[in-house]
Amino acid sequence: MDPIRVGIVSYGFSGFSPSVPSKSFREMVFEAASKAYAKVGLNPRTDVDAFVSCKEDFWEGISITDEFAPDQLGGALKPVFTVTGDGLLGIINAYMMIKTGAFDVIAVEAHGKPSEVMSYGDIERMAQDPIYLRPLAFPSYHTVKALEARAFMKYSNLTREDLGIYVSQSKRNGLLSNRAPHASSLTVDSYLSERELVGPLSHSDLAPRSDAALVFVLASEGRARELTDSPTWITGVGWATDYHTPSYRELGRDIATKNASEMAFRQAGLGDPGKQLAFVEADERYSFMALMEVSSMGLVKDLRQPLRSGDLSRDGSLPVNRRGGALSEGLPLEAHGLARLASACDLLDGTGAVVSNMGNTSAVLVVRP
Amino acid sequence: MRPNINVKNRVAVVGAGLTLFRRRLMETPQELSWIAARQALDQAGLDFNDIDCVVSGSAPDAFDGVHMKGEYYVEGVANGKPHVRVFVGGGTGVFVPVAAWWHVASGLCRKVLVLAEEKMSSASRPHPQAVFKHIWDPLVEKPLNPNLIWIFAMEMHRYMYRCGVRKEDIALVSVKNKRNALDHPSAQAAAKITVDDVLNSEMLVYPVNRLDVSPVSDGAGAMVMVSEEWANRLTDNPIWVEGVGFNLDSTNWTNRDLGYPVYLKRAAEMAYRLAGIENPMKEIDVAEPYDPFDYKELHHMEGLGLCPPCKAAEVTKEGLTQRDGDLPTSPSGGLLGVGNPIAAAGIMKAIEIFWQLRGEAGARQVKKDVVTGLAQAWGDLMQVGTVVVMRR
């Protein structure tokens, strides 16, 4: 048995609003960090061994953006580094660091301030292969995701009505959240009456953007028990990067999520995760992605049945995004995975899977009380 | 860190590879990454399918001109496997093996491909330095339009003033490293030059002359790091990663004494503590301190505790840092000689220590018997130190 367990002892957040004009990203991270530390009485200058920040140069508008990581976390002149990817990848690195036995307490930060990005579409275009893909001049990134959506719906025999069931359910779940400015009581009929923007996706399939920052504190078992009575234990982690070129990928299935979940479930000892998991917090950058993850993780055999029977709803046997996902909260770029993890920690009533899927990289965490 | 360090799983390096370092290489970032990875795997006796995790590093996205470039350049290398890109500016190259260390030491990965890539030369016209126009605080600093050579000139000047070091003493580093690089097959800026050549080269920003500075480069480097069990299976000659350290100072670079790198001292202390090193001056046999500018090698030797503060120039002048000296530094030829594709340059330094400890450095092999070596990198706003200590 592995002697070092890793627990989440606290988190704090700031924002979750379409725009936060009154604070800079550093002030938002400071607010989130202060809350996270205050909850468990930590002084970051003396009690935190290392700090992880998750962000990307182009979204920040700053080259070498990791320069701006330390001060607002209390990490100046301490071990600090940046992961370029979703916040869950930062959590996974912190998890491994504690597992080595050399670190006890680590803070992980991710933030996104898309309201300040003036050239969102151009940045998405810059993510494409400069030689083979960029010259094709896709009108927007949505067109690439629409191809995936179409392939996935064909692979899973889903109709737009099925997507509507999910969107309606997730947006309603968001009404119970204090971080979900875009939640609504959208009905399936209203969804189906929307014009397709880029088939098969309509307006409500695309996560709106929001500004947010989250800071998590992870600790080794001994320290976690000193700091809180109710740590969230991480029992498995997995992550994977699929091919960058869309035409090399299997568009109907998410191989990165499949590989990452297999790794995480193996560590967590979950032989039949579809039955053993009490909930899923899924990446919802696009509506279909949450369903694709549930399917790619092998949690259901035929998506149509649990979706139509309500098994994936808040009261079902495998609820997905019980307080809404990015469709309700908005998409705070790299912080989306941490937003999902925050929801998991808030409602933790069994073993759950938390998934992020940014670009062609997926990360999966298995958590339990 | 924990008061009692008890790292169960030892981590070893068993292979390394390096592309040519050149300005305007024809290969794409993906091709450079693949070439370096293939070489490292060949030395380790492994194939892509044998690897279970990939850790990569690269400096600003703007160099390669691809947003989230880590996902792009690992095509053909990661292929559905766990991959993460880490980033600490110029310190990234040595930080990649640091992050790979915990991938293995945690027990989660057993065979890790460690990759660093940079393609600077196509970044912007007329010169990739333009990328550095956007590294500043957008409100307070950017309106002044500073550039990197300008602030490093401030640091160099401060160091010279604080330690009473002369330009000609600093130039000795450039002379040594460029000459060492004559024996490096990847080298881009190897040369046999004199102190006068450095002093008479074009003045960029006082006190920085053209030959005080490393060039713009493209390149990639890779290592294979494995668990103890796999190290013993794969080779009779593993090199153990015994200490890792990293430290990041405040973003507010204007508020610190530029004459001495406190962040590097802290990073080195972390690595020495893990490696059980109490007296680095005696225990480190060979070092690759980061040398994008010649004064930086001296500055870093002092931060690493390889000599007392303000004594590095003296040590260099006495010849102790030559390949046949008591403390050989940058036997590879360093960034000044081999070239400076930012993250790839850092990993080149770690790779050189690996080859030196294995006795595989060929014409670059240092004269003394070496057991413990150290590689270090530096970056951001004169802010980050990354250190890796390896033993035979």
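**Asn259(A)**

I looked up Asn259(A) and found it in helix α10 of chain A, which spans residues 255-268. The model is a predicted one, and I read every value below as computed from it. At 25% relative accessibility I noted Asn259(A) as partly exposed, since the buried class ends under 20% and the exposed class begins over 50%. Leaving out residues up to four places away in sequence, I listed the contacts of Asn259(A) as Ala240(A) and Gly80(B). I also took the C-alpha to C-alpha distance from Asn259(A) to Asp242(A), which is 9.3 Å, with their positions 17 residues apart in sequence.

**Helix α12 of chain A**

I checked burial along helix α12 of chain A, residues 287-296. Of its 10 residues, 10 are buried, so I recorded the helix as largely enclosed by the rest of the structure. The buried set includes the polar or charged names Ser287(A), Glu293(A), Ser295(A) and Ser296(A). Also in the buried set are Phe288(A), Met289(A), Ala290(A), Leu291(A), Met292(A) and Val294(A). After α12(A) comes Gly298(A), and I read its phi as positive, near 75°.

**α4 against α4**

Next I looked at how helix α4 of chain A (residues 87-100) packs on helix α4 of chain B (residues 92-105). The angle is about 65° and the axes are 8 Å apart. That makes α4(A) roughly perpendicular to α4(B). I noted the crossing of α4(A) and α4(B) as left-handed. From α4(A), the residues in the contact are Asn93(A), Met96(A), Met97(A) and Thr100(A). They meet Trp101(B), Trp102(B), His103(B) and Ala105(B) of α4(B). Sorted by class, the contact of α4(A) with α4(B) has 5 nonpolar and 3 polar residues, and no charged ones.

**Disulfides**

How many disulfides does the structure hold over all chains? I found 2.

I started with the link of Cys53(B) to Cys109(B), where the S to S distance is 2.1 Å. The torsion about this S-S bond is -75°, and the link of Cys53(B) and Cys109(B) is left-handed. The pair connects distant parts of the chain, 56 residues apart. Cys53(B) sits in strand β2 (residues 53-57) of chain B, and Cys109(B) in the loop between α4 and β4 (111-119) of that chain. I looked up accessibility at both ends: Cys53(B) is buried at 1%, and Cys109(B) is buried at 1%.

I then took the disulfide of Cys163(B) and Cys310(B), with the sulfur atoms 2.1 Å apart. The torsion about its S-S bond is about -60°, so I recorded the disulfide as left-handed. Cys163(B) lies in helix α5 (residues 148-163) of chain B, and Cys310(B) in the loop between α11 (294-303) and α12 (312-317) of chain B, so the pair ties together parts 147 residues apart in sequence. Are the two ends buried or exposed? Cys163(B) is buried, with a relative accessible area of 14%, whereas Cys310(B) is partly exposed, with 23%.

With the bonded cysteines of chain B numbered in sequence order, I wrote the pairing down as 1-2, 3-4.

In chain A I looked at Cys54(A), which is in no disulfide. Its nearest cysteine sulfur belongs to Cys345(A), 15 Å away. I noted that this is too far for a bond, because a disulfide needs the sulfur atoms within 2.5 Å. Cys54(A) is buried at 0% relative accessibility, and Cys345(A) counts as buried at 17%.

**Cis peptide bonds**

I found a cis peptide bond joining Gly199(A) and Pro200(A), with omega about 5°. Pro200(A) belongs to the loop between β5 (196-198) and β6 (201-202) of chain A. In chain B, a cis peptide bond joins Tyr206(B) and Pro207(B), and omega is about 5°. Pro207(B) belongs to the loop between β5 (203-205) and β6 (208-209) of chain B.

**Positive phi outside glycine**

I noted Asn157(A), which is not a glycine but has a positive phi of about 55°. It is found in the loop between α6 (141-156) and α7 (160-173) of chain A. Asn157(A) is partly exposed, with a relative accessible area of 45%.

I noted Arg24(B) as well, also not a glycine, with a positive phi of about 60°. Arg24(B) is in the loop between β1 (11-18) and α1 (29-44) of chain B. At 56% relative accessibility, I entered Arg24(B) as exposed.

Conventions
Residues numbered from 1 in each chain as written. Chains lettered and ligands numbered in written order. Predicted model: local features only at pLDDT ≥ 70, side-chain atom pairs only at ≥ 80, totals over all residues. Heavy atoms only, no water. Buried < 20%, exposed > 50% of the residue type's maximum accessible area, 1.4 Å probe, protein only. Helix = DSSP H or I, 4+ residues; strand = E, 2+ residues; numbered from the N terminus. Axes fitted to C-alpha atoms, helices over the stretch in contact; angles between N-to-C directions. Parallel < 35°, antiparallel > 145°, perpendicular 65-115°, else oblique. Left-handed = near helix turned anticlockwise from the far one by under 90°. Contact = heavy atoms within 4.5 Å.
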